[in-house]
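Hi there,

Here is the structure I promised to pass on. Please have a look at it, and then read on for what I found.

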Protein chains: 2
Amino acid sequence: MSETIGFLLNDSARLFRRSFNARTKDSGITALQWRLITYLKRHEGIRQGPLAELIEVEPITLSRMVDRLVEAELVERRADPADRRAWQLYLTPRAGEMLNGMRPIADALTAEAIEGLSAAEVEQLTDLVERVRANLSRRICQKEKEIV
Amino acid sequence: MSETIGFLLNDSARLFRRSFNARTKDSGITALQWRLITYLKRHEGIRQGPLAELIEVEPITLSRMVDRLVEAELVERRADPADRRAWQLYLTPRAGEMLNGMRPIADALTAEAIEGLSAAEVEQLTDLVERVRANLSRRICQKEKEIV
DNA sequence: TGAATATAGTAGCAATTGCTATTATATCCT
DNA sequence: AGGATATAATAGCAATTGCTACTATATTCA
């Protein structure tokens, strides 16, 4: 009995997260937080709800992640002028520095992960995983297809 | 800026888990528990420590997962005759039935995930992800040795 | 208009996880 | 042999997550 794609993907993803967390635990940032900040960099001013969808966590979970990142002075909440219920999220300058500091680590990790793969194979892998993700994503969200 | 392999793998894996959990929440088993049981099926009699390594969780986490699975009468702890500190783990008949019940769900999910991929592409994907996993797995072992 | 409904975000609680320390047993070394 | 060290598993505690319920605000429509 061979392992399924699901197992394989989960294994690799966990190893990625673990390795990333091990290398960055001194800087006090986790893989998930890094992910949040990376997305935020590309969507500054986004509200919490849509960002929660982007990084695939519950809104309350994102709310608490943002609490911690605000505490760490990496993220700033600004009142949405168009909706008093909502916050708009922005990165602080400190977050930019932090991202720059992390990038070599992330790049090195990626390089290690794809060691022995040719450029064509990496492209193939990316393409195939993206298609799997699209299949699963389509299955899950019948409702919202925003931004991104 | 394209997304990194790490992001992609994490996304896909999360979507897999989420979809699996959504479909099986009535049966009261999670993706991680299913994973544990699947590994256990292939390694009956294994001790907790090695199984924790296999499914990539801390020993204490596995200990508690086993607690819950014993409670649910899916797993049985037997004293290791060779080492009085250790338990050997076995599946109950009930676990076998449960696995059989889950298999169609898991198979359907896999089928949906690889929809649109040819058999050759699936093989390619499996091969490439396996190589990435091997790269990361090797890295982690080395790092652990360095630290210790 | 204004009552019903929807939406953005958050608090309480329960479940899960991992870090650290601890117990019990095994192994190593002189 | 027997003390030092290693190992298997677990308990306590702290951190994180998500479910449910809730507040505040916005939107809809009769």
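In this predicted model, α4(B) contributes five residues to the surface near DNA strand C, the most of any element. The elements giving two or more residues to that surface are α4 (59-71) of chain B and, from chain A, α3 (48-55) and α4 (59-71). There are 21 residues around DNA strand C, and those that come nearest are Gln48(A), Gly49(A), Ser63(A), Ala86(A) and Thr61(B). As for the make-up of this surface, nine residues are charged, eight nonpolar and four polar.

How are the two protein copies related? Chain B superposes on chain A with an RMSD of 0.1 Å after a rotation of 180°, with 0.0 Å of shift along the axis. That is what a two-fold axis gives. The copies meet through the same surface, because 98% of the interface residues of chain B are also interface residues in chain A.

You may also like the helix packing inside chain A. Helix α1 (residues 5-24) and helix α5 (residues 93-113) of chain A have axes that come within 11 Å and cross at roughly 145°. The crossing of α1(A) and α5(A) is right-handed. On the α1(A) side, the contact is made by Phe16(A), Ser19(A), Phe20(A), Arg23(A) and Thr24(A), while α5(A) brings Met102(A), Ile105(A), Leu109(A) and Ala113(A). By class, six residues of this contact are nonpolar, two are polar and one is charged.

Happy to chat whenever you have had a look.

Best wishes

Definitions and conventions:
Residues are numbered from 1 along each chain as its sequence is written. Chains are lettered from A and ligands numbered from 1 in the order in which they are written. This is a predicted model: local features need pLDDT of at least 70, side-chain atom pairs count only at pLDDT 80 or more; totals for chains, interfaces and linings use all residues. A residue is near a molecule or strand if its C-beta atom, placed from the backbone, lies within 6 Å of it. Helices (H or I, at least four residues) and strands (E, at least two) are DSSP runs, numbered from the N terminus. Ala, Val, Leu, Ile, Met, Phe, Trp, Tyr, Cys and Pro count as nonpolar, Asp, Glu, Lys and Arg as charged, and the others, Gly among them, as polar. Copies are superposed by least squares on the C-alpha atoms of residues with pLDDT of at least 70 in both. Two residues are in contact if their C-beta atoms, placed from the backbone, lie within 7 Å. Axes are lines fitted to C-alpha atoms, for helices over the stretch in contact, and angles run from 0 to 180 degrees between N-to-C directions. A crossing is left-handed if the near helix is turned anticlockwise from the far one by less than a right angle, and right-handed if clockwise.
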